[in-house]
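User: I am new to this structure and would like to understand how the labels given to its parts are justified. Could you take me through the reasoning?

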Amino acid sequence: MIIVMNIIIALIGLGGIILARHLAWEGSGMGIKFHLFILVFKLIITLVIIGLFLIYTEKHIWSFLILSGMLNIIIFHFIEAFVTQKKLSLQKRINV
């Protein structure tokens with residue numbers, strides 16, 4: 001059950017990485033507003049998925065579900081930051 005939930009959350013994280021990378025390479029000016037929008041969207045979807053899995057599991061593994069799901073989304077968020085960081089910093093140098 002934990003593995004299935006984490007695979008679903010990982011797919012959401014990969015979708016966020018692909019979206020952020022596409023927008024950064026396209027040069028659409030992915031500023032802090034759009035970055036926060038992606039983060040909030042991923043967090044809401046992740047919390048819904050974790051909540052649904054909590055409904056159908058036993059109480060003694062709730063902490064494992066919550067911790068593994070949040071750790072998963074944090075790891076993918078940092079990967080997203082590293083993927084888009086170089087391109088976004090180069091855009092600022094060109095504009096100045």
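Analyst: What follows is a set of questions about a predicted model, each answered by setting a value against its cut-off.

User: What makes up the chain, and in what pattern?

Analyst: The chain has 3 helices and 0 strands, and along the sequence these give the pattern α-α-α. Of its 96 residues, 31% count as buried, and the accessible surface comes to about 6600 Å², of which 77% belongs to carbon and sulfur atoms.

User: What is the confidence of the model, and which elements have the lowest and the highest mean pLDDT?

Analyst: The average pLDDT of the chain is 81, and 79% of the residues score at least 70. Among the elements, α3 has the lowest mean, 78, whereas α2 has the highest, 85. As a general caution, predicted coordinates should not be read in detail where pLDDT is low.

User: Why is His77 called buried?

Analyst: The label buried requires a relative accessible area under 20%, and His77 has 18% relative accessibility, so His77 counts as buried. This residue is found in helix α3, and, not counting residues up to four places away in sequence, His77 touches His35, Leu39 and Lys42.

User: Why is Ile55 called exposed, and why is Phe34 called partly exposed?

Analyst: Exposed means over 50% relative accessible area, and partly exposed covers the range between the buried and exposed cut-offs. Ile55, which lies in helix α2, reaches 60% relative accessibility and therefore counts as exposed. Phe34, also found in helix α2, has a relative accessible area of 32%, so Phe34 is partly exposed. Phe34 and Leu23 are 11 residues apart in sequence, and their C-alpha atoms are 9.6 Å apart in space.

User: Which nonpolar surface patch does Ile55 help to make?

Analyst: Ile55 belongs to a patch of about 740 Å², made together with Met1, Val40, Ile44, Val48, Leu52 and Tyr56.

User: What makes the pair Lys42 and Glu80 a salt bridge?

Analyst: A salt bridge needs a side-chain nitrogen of Lys or Arg within 4 Å of a carboxyl oxygen of Asp or Glu. The closest N and O atoms of Lys42 and Glu80 are 2.6 Å apart, and the cut-off of 4 Å is therefore met. The pair links distant parts of the chain, with Lys42 in helix α2 and Glu80 in helix α3, 38 residues apart. Both Lys42 and Glu80 are buried, and a search of the whole structure finds 1 salt bridge.

User: Which residues make up the largest nonpolar core, and why is it called a core?

Analyst: The largest nonpolar core has 8 residues, namely Met5, Ile9, Ile49, Ile50, Phe53, Leu54, Leu65 and Ile73. The name applies because a nonpolar core is a set of buried residues of nonpolar kinds joined through side-chain atoms within 4.5 Å. The elements giving two or more residues to this core are α1 (2-26), α2 (32-55) and α3 (62-95), and the largest share, 4 residues, comes from α2. In soluble globular proteins, nonpolar side chains tend to be buried together.

User: Which residues is Leu54 in contact with, beyond its neighbours in sequence?

Analyst: Leaving aside neighbours within four places in sequence, Leu54 is in contact with Trp62, Leu65 and Ile66.

User: How do you know that contacts join distant positions of the chain?

Analyst: Among the contacts with a separation of 6 or more, 77% are between residues 24 or more positions apart.

Terms used
Residues numbered from 1 in each chain as written. Predicted model: local features only at pLDDT ≥ 70, side-chain atom pairs only at ≥ 80, totals over all residues. Heavy atoms only, no water. Buried < 20%, exposed > 50% of the residue type's maximum accessible area, 1.4 Å probe, protein only. Contact = heavy atoms within 4.5 Å. Patch = residues over 30% accessible without salt bridge, like charges linked within 9 Å, V, L, I, M, F, W, Y side chains within 5 Å. Areas by Shrake-Rupley, 256 points an atom, 1.4 Å probe, with all protein chains shown as cover. pLDDT = per-residue confidence, 0-100.
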